[in-house]
Amino acid sequence: MIDPKELKYSRDDEWVRYDGDAVYVGITDYAQSELGDLVFVNLPEVDDEVIAGEALGDVESVKAVADVISPISGVVLEVNEELLDDASLINSDPYGSWFVKVGNVSEEVELLTADEYDAYRG
Amino acid sequence: MKLIFEKSIPGRGQDIFPACDVPEKLPKKDMLRKAKVNLPEISENEMGRHYTALAKRAHGVNDGFYPLGSCTMKHNPRINEKMANLPGFAKLHPLQPAHTVQGANELITELEEFLCEITGMDGVTFSPAAGAHGEFTGLLLIKAYHHDRGEAERNEILVPDAAHGTNPASATMAGYKSVTIKSNENGTVDLDDLKAHLGPKTAGLMLTNPNTVGLFDPNIMEITKLVHEAGGLCYYDGANLNAVIGIVRPADIGFDVIHMNLHKTFSTPHGGGGPGSGPCAYKDFLAPFAPGLTCKDGKEYKRAEKSIGNMTGFYGNFLVNVKAYTYLLTIGKDVATLAQNAVLNANYMQEKLKDIYPIAFDTTCMHEFVIGMDPIYRKTHVSALDVAKALLDYGIHPPTIYFPLIVHEALMIEPTETETKETLDEAIQAFREIYDKIFNAPDSVQQAPQTTPVLRLDDTKAAREPHLRYTFD
Amino acid sequence: MGTFIPNTKEEQIKMLKEIGYKDFDDLFKVIPDAAKVKGELKLPEGLSEIEVDRKVQGLANKNVVFRSIFRGAGAYNHYVPSAVDAIANKEEFLTAYTPYQAEISQGILQSIFEYQTMIAEITGMDIANASLYDGASAAAEACWMCKDRKHSTIYVSGAIDERILEVIKTYSFGRENKVELIPAKDGVTDKDALKKALEADDEAACFLMQYPNFFGVVEDAEELCKITQGAGAKFIMYCQPLALGLLKNPGEIGADIAVGEGQPLGLGLEFGGPYLGFLSTKEENMRSIPGRLIGETVDTRGERGFVLTIQAREQHIRREKASSNVCSNEAWCALRAGIYLSTIGPKGFEDVAKLCSSKAHYMAEELDKIGMKLCFEGEFWNEFATTCPDADKLLKALEDKGILGGLKFSCCGCEDAKEDCILWCCTELNTKEDIDEVIAVAKEVF
């Protein structure tokens, strides 16, 4: 299990988990509960560049779509194809449902600690 | 209720086609289909009952009040249908020689004159098949104009944040970047934000007026002037033309191009979601780019000199245009009475509900008004969706919900001019009763409807496990 | 004058006063005076229903309704069974709008779900959408579906109806993608040219062919499909739906997308519209389908029901990122198509296709006997091109007898370029006698 306390957070409601030189990115519990039942995700492709502060993909609920803003700049190493088959995983386990694994990280937006994020969204 | 496929019994059917009166001759065997095609095998009587049962599970304007905001669900006069079904129109081949379709082309020419007079524009193309198609057409005219002048670098279309979703989507289809302009606290265009975004990249502005919260923009002439000064053109989204028809002409207030939804303002039926017709009217300087073939002299079909091409295979939805023409013959020069009564009915309802429901922008509205349920939702957890569903049990089609996006928990109500005072009063009564229930018996609102053929449906399941067709054994 | 406003003038004034306005001018004072129309619009006086009826009938009577039609080229004179008009004109169907509120729109939703199923069946594809404006615009949308970040060039067969091509080009002017034409040779797509073009282009998104093509020829779709998909592009078939009663369908051929003009399925000629664009595809392309989709689900009691679904693709949610701005479909035309296909059933679907084929072949043979030769060698179904010594003269002679002859067109494939060409069309409505009459007129003329 992933401890949300160990993660870093962006003000756009994404979380970041460091794994050596690479990072995993997903959306927070707050984000998934605001969006409601998710039905689909659009993810980038491996080798795509992502840019901090710009959309790396989006998530769809029945009646809304929201951009997933990349908290970091880098190159996509892996995408979580499981989410393409079953977006409801994001609702049930937001911190286990990473969207992309990014390498060559060159830049990141200002990231908050878990406590700071809780205060920000609390 | 069963699907028609579930009523099918092998060997049953209907006799439509005669025996062949010439020797059977088919393309060679290896080109022929081997795959089985599952179509219903059903008698005419059973089929008739099936569709009658479906009709009973549909709600049209004829079934009851239909205040669906932005959609102008007014009465669809029967004479329109009768005229469109005349064999002299319905049985014309689109490629008949021009001299055999004089009446059809005369009708279109006259309808063009009517629509030019109503909008103040100089020409109309009937090529677009629906409103969004008309938007796309209008933007292509703007694009062709700028390209023709060597200003292809103008690649931005300004769209207010209250706009229909089709506006930015049409801009994208036309290859434009859409730039969102903020609304001010009054719900109309923020002039400072507009000015900040105008510049050498501006191709044009798309404006819905009255806007989607039902307000007439008091700065409209200033807005069009600013856009023109920046070298852009002004596009009028005529979806809400019913509010101002006969009272304001888009060309007079600085617009260069407009689409109209004949299935809204001009009373042609919506048909469960089409066919509509979305003619696009334009000023003279855009005429060289107009799409499609037209026959104005009764002799030959011509194409505009620098035409963008065509939007549909032939001349657009001709029979829908016949219906709109019939309607305009009926109304004639009294078109302003449509707007007057549409606006009156909307204000009447707004006034009679505003003591309990929060009105998004509490001022004189045009043909529609928006209730923002957010404060009530925060208190009670009864949402705009719940109110909409509760109206179903009163036999009323709910308003548009969750639009415009700038109002949270929006309910957008457009009564139209063809409703009586009694109908409005009944609807007001329904809204008031629901309001009481929100506070006294919220569950009953949250669990509505209870009287419809099906209860609330699971949209999430539908989207997560898409099932878009019947599967045969 | 006519009006559909029910409240009397007195009632209107009373309502105005009740909500605090003196009169309509007072109500409209939110509109700046400078923006208002000065004086009266130059429109005619409104008319009573009888006057309107008389005037519009007068215009209809100025048109010529041909008793016998041998012209197709995108609009086909098929029989419309009585049940289609009777059922479709039920006002619950006619006066409803897009089924946003599923609970009271099950009738519309289920009829479209059934239509989607029937279109998927006749084209042999997995899924279909709820319809698009017409065949040509559906073709343009289908081409766009094939575009991705690496593939954007649209290839179109030169044997396609130029009206379809024109709409594809118009959409492409907007969307800014390249459209390349693969030339036709002897009335069919030049396969070698297709192969060469696709192999040389890494960015080829799709190839679209017409089936049967504009000249009526049934092309070797399997081969074209193989070439296209072999080059990594998607294969789109623009089909005459009734031809699929007889011919191999897009599913059997392996096409990625099938589109076409649904007008033959229970819609009249209607001077070109409203018609019906149909679109079906493989399941894997579901999320790139433009327009409405109806899906099955359950209600809170577990009862089956239908809803608009996968809506996050669409303009009202995705706005500028939507793949298309389409919101209206042609639901009422789709309803007609559903009733039509239910009426004729699987047997009628095959029978009508056989009738069309047999009559067209009979006519071609008879024309051949009087020297009007087929322009092309390929197999055909219900349309075919022949030479004609003087098309204008023949068509005029036919018109004088109330017959709409074939379409004169310029064709570069004929051996004898001095002759005109006519594209003929037969349907189940053309009897042997009608055909023989055309032959008799031709004999008189030449």
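**Entry 1. Chains B and C**

I began with the contact between chain B and chain C, which takes 163 residues from chain B and 172 residues from chain C. I sorted the chain B side by class: 87 residues are nonpolar, 49 are polar and 27 are charged. I am working from a predicted model.

**Entry 2. α10 of chain B on α1 of chain C**

I then looked up a pair of helices from the two chains. Helix α10 of chain B covers residues 336–353, and helix α1 of chain C covers residues 9–18. Their axes lie 10 Å apart and the packing angle is about 40°. I note α10(B) as oblique to α1(C), because the angle is about 40°. The crossing of α10(B) past α1(C) is left-handed.

Which residues meet here? From α10(B) I listed Asn341(B), Leu344(B) and Tyr348(B). From α1(C) I listed Gln12(C), Met15(C) and Leu16(C). By class, this contact of α10(B) with α1(C) has four nonpolar residues, two polar and no charged.

**Entry 3. α4 of chain B on α3 of chain C**

I turned to another pair across the two chains. Helix α4 of chain B runs over residues 102–119, and helix α3 of chain C over residues 49–61. The two pack at an angle of about 130°, with 6 Å between their axes. That angle makes α4(B) oblique to α3(C). On the α4(B) side I found Gly103(B), Glu106(B) and Leu107(B). On the α3(C) side I found Leu59(C), Ala60(C) and Asn61(C). The residues of this contact divide into three nonpolar, two polar and one charged.

**Entry 4. Ile245 of chain B**

I stayed with chain B and picked one loop residue. Ile245(B) sits in the loop between β5 (233–238) and β6 (257–260) of chain B. Is Ile245(B) buried or exposed? I counted 26 other C-beta atoms within 10 Å, so Ile245(B) is buried; the cut-off for buried is 20 or more.

I set aside its neighbours within four places in sequence and looked for the other contacts. Ile245(B) is in contact with Ile118(B), Thr265(B), Val335(B), Ala336(B), Leu338(B) and Ala339(B). I checked the distance to one of these, Ala336(B). Ile245(B) and Ala336(B) are 91 residues apart along the chain, yet their C-alpha atoms are separated by 5.7 Å. Ala336(B) is also where helix α10(B), residues 336–353, begins.

**Entry 5. Chain C as a whole**

I moved to chain C. It has 15 helices and 16 strands. Along the principal axes, its C-alpha atoms fill a box of roughly 80 × 55 × 50 Å. Chain C has 446 residues, and 63% of them count as buried. I also looked at contacts in chain C with a separation of 6 or more: 73% of these join residues 24 or more positions apart.

Chain C touches chain A as well. Four residues of chain C are in contact with five residues of chain A. The chain C side has two nonpolar residues, one polar and one charged.

**Entry 6. Helix α9 of chain C**

I looked up helix α9 of chain C, residues 191–199. Leu194(C), Ala197(C) and Leu198(C) are buried in this helix. Where do the buried residues of α9(C) fall, seen down the axis? They fall within an arc of 95°, so they line one face of the helix. What do they pack against? I noted β3 (153–157), β4 (179–182), β6 (188–189), β7 (204–211) and α10 (221–230), each in chain C.

I followed up on α10(C). The axes of α9(C) and α10(C) come within 9 Å and cross at roughly 15°. The two helices are therefore roughly parallel to each other. α9(C) passes α10(C) in a right-handed crossing. Lys191(C), Leu194(C), Lys195(C) and Leu198(C) make the contact from α9(C). Glu223(C), Leu224(C), Ile227(C) and Thr228(C) make it from α10(C). By class, four of these residues are nonpolar, one is polar and three are charged.

**Entry 7. Asp368 of chain C**

My last entry is on Asp368(C), in helix α13 (residues 331–369) of chain C. Asp368(C) counts as partly exposed, because 13 C-beta neighbours lie inside 10 Å. Beyond residues up to four places away in sequence, Asp368(C) touches Lys373(C) and Leu374(C). I also checked Thr386(C), which is 18 residues from Asp368(C) in sequence. From C-alpha to C-alpha, Asp368(C) and Thr386(C) are 8.3 Å apart.

Key:
Residues are numbered from 1 along each chain as its sequence is written. Chains are lettered from A and ligands numbered from 1 in the order in which they are written. This is a predicted model: local features need pLDDT of at least 70, side-chain atom pairs count only at pLDDT 80 or more; totals for chains, interfaces and linings use all residues. Two residues are in contact if their C-beta atoms, placed from the backbone, lie within 7 Å. Ala, Val, Leu, Ile, Met, Phe, Trp, Tyr, Cys and Pro count as nonpolar, Asp, Glu, Lys and Arg as charged, and the others, Gly among them, as polar. Axes are lines fitted to C-alpha atoms, for helices over the stretch in contact, and angles run from 0 to 180 degrees between N-to-C directions. Helices (H or I, at least four residues) and strands (E, at least two) are DSSP runs, numbered from the N terminus. Angles under 35 degrees count as roughly parallel, over 145 as roughly antiparallel, 65 to 115 as roughly perpendicular and the rest as oblique. A crossing is left-handed if the near helix is turned anticlockwise from the far one by less than a right angle, and right-handed if clockwise. A residue is buried if 20 or more other C-beta atoms lie within 10 Å of its own, exposed if 12 or fewer, and partly exposed in between; C-beta atoms are placed from the backbone. The arc is that of the directions from the helix axis to the C-beta atoms.
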